[in-house]
Amino acid sequence: MRFEQLELIPPLLQSLAACGYDEPTPIQAQTIPLLLQGRDVIASAQTGTGKTAAFILPALQRLATHGTRPTPRRRGVGVPRVLVLAPTRELAQQVATQATRYGDQLRLRTVCLFGGAPYPPQYRDLERGVDILVATPGRLIDHVQRGRVDLSRLSMLVLDEADRMLDLGFQEDVERVCSLAPAERQTVLFSATFDGAAGRLAAALTRTAARIDVRTAHAAPVAIEQRVHFADDRAHKYRILDRLLAEVGEGQSIVFIATKRDAETLANKLRDEGHTAAALHGDMNQRERDRTVMRLRRGGVRTLVATDVAARGLDVPGISQVINFDLPRQAESYVHRIGRTGRAGASGIAVSLANASERGTLRQIERYTGSAIPARVLPGLEPSRREPTAPARGRPSYAPSGAGRKARPAAPPRRSSRRR
Ligand code: AMP
């Protein structure tokens, strides 16, 4: 299928061509026509599937065509017509960047509001006018209470990663925001799951919504090669990590680790060893986090050591390797983590380091993703205890140990080239 078949307007087609996208991803092919018709949509799709463009493209098109009446400019007050709520600053920024990129041929303004940043620049942004507002719930409520944002003209409301917003305790804020939007708006919810609270929220907010599910079990979002190395202890993990970082070549790596303190310690250790490494975790203020992500994007940081919360939504095309120094406690986080590589249709490698106490977690992840993660040994770094799935000693590093080399991709691999 081609983007033209989705009846997107020429300015959007031009932007998509400039991005190097050849064809819509499955979530885009299914969602865009429904949203262009004005339907409510409830969609299950993980990050990495192209879900952002699936709602931003129709939002831009509806603003550019239907919304010919620009909202009245009120001094000092932002009156958006589209609102995207996102759970984290990183995801909000990511959505806003894509909105700006796809809409660069249209005269529409996107503003991004998130907590942990000073208010005055956000006031100034709102004052210049806003068509699409992307915001985290808490900071948006602050702006509403200060009379800086008026949601009464919204024609489209998008809740991105709705389950995650609820997990982070934003339920009340989200409900409050929704109650301020006009009842006749169009509503779109994206969520990894619609079980429990997320399902109830979806039912309460939408009217005869179309349901779309592009997940294949919970498989990895794109063709990401996965491996596990068994380690005896942390010191052994460090030695394996050294080797993996030495072998990554041109690409950049993200190393996921369980705690903020360990993230700092490991980033310092790597720097002492001559790596351009930096930490990213929830204890850093927004400016520090932005600076680190910017350095990563520009290639000034080759290895990012991150905790889960900080790396959510991170989209850096140069990341060719994700290393789970500690396995995540929740299987769902595993899929999010490995989705940091293989961006924009590129291939990527996800390597997990597991010690004896993490074997149960590994099995849970395998059950969740529906595929076995093949074990590998690096010559000279074999674990002292032989694992049943580990290949025989002396095999070349990364030689496949049997079936299940790759996770089943959630969608057919996209054909577009990677943007650098
Ligand atoms: P998302 O799931 O929205 O986080 O998007 C994942 C990545 O896919 C982002 O880097 C997008 O720029 C990229 N992307 C979105 N749509 C397409 C497409 N149709 N073809 C290739 N890459 C895409």
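Trainee: Over how many bridges do strand 8 and strand 13 (residues 348-354) pair?

Mentor: The structure is a predicted model, in which local features need pLDDT (the predictor's confidence in each residue, from 0 to 100) of at least 70 and side-chain atom pairs count only at pLDDT 80 or more, while totals for chains, interfaces and linings use all residues. Residues are numbered from 1 along each chain as its sequence is written, and side-chain values use heavy atoms, with hydrogens and water left out. Helices (H or I, at least four residues) and strands (E, at least two) are DSSP runs numbered from the N terminus, and two strands pair if DSSP finds at least two bridges between them. Strands 8 and 13 pair in the parallel sense, and their bridges number seven.

Trainee: Which residue in strand 13 is the bridge partner of R227?

Mentor: Strand 13 covers residues 348-354. Within this strand, the bridge partner of R227 is V351.

Trainee: Which strands stand at the edges of the sheet?

Mentor: Six strands form an open sheet with parallel pairing, in the order 8-13-12-9-11-10. Each edge strand has a single partner, so one side of it is left without a neighbour in the sheet. The edges are therefore strand 8 (224-230) and strand 10 (277-280).

Trainee: What angle does the direction of helix 10 make with that of strand 13?

Mentor: Axes are lines fitted to C-alpha atoms, for helices over the stretch in contact (heavy atoms within 4.5 Å), and angles run from 0 to 180 degrees between N-to-C directions. Helix 10 (residues 234-247) packs on the sheet, touching strands 8, 9, 11, 12 and 13. Its direction and that of strand 13 make an angle of about 165°.

Trainee: Which helix gives the largest share of the largest nonpolar core?

Mentor: A nonpolar core is a set of buried (under 20% relative accessible area, 1.4 Å probe, protein chains only) Ala, Val, Leu, Ile, Met, Phe, Trp, Tyr and Cys residues joined through side-chain atoms within 4.5 Å. The largest has 48 residues, of which L8, L57 and Y102 touch the most other members. The largest share, eight residues, comes from helix 3 (residues 51-65).

Trainee: How many residues make up the other core, which lies apart from it?

Mentor: Among the members of this other core are L140, V144, L159 and L205. The residues in it number 31.

Trainee: Over which residues does pLDDT stay under 50?

Mentor: The mean pLDDT of the protein chain is 84, and 86% of its residues reach 70 or more. The stretch where pLDDT stays under 50 is residues 389-420.

Note on methods: Buried < 20%, exposed > 50% of the residue type's maximum accessible area, 1.4 Å probe, protein only.
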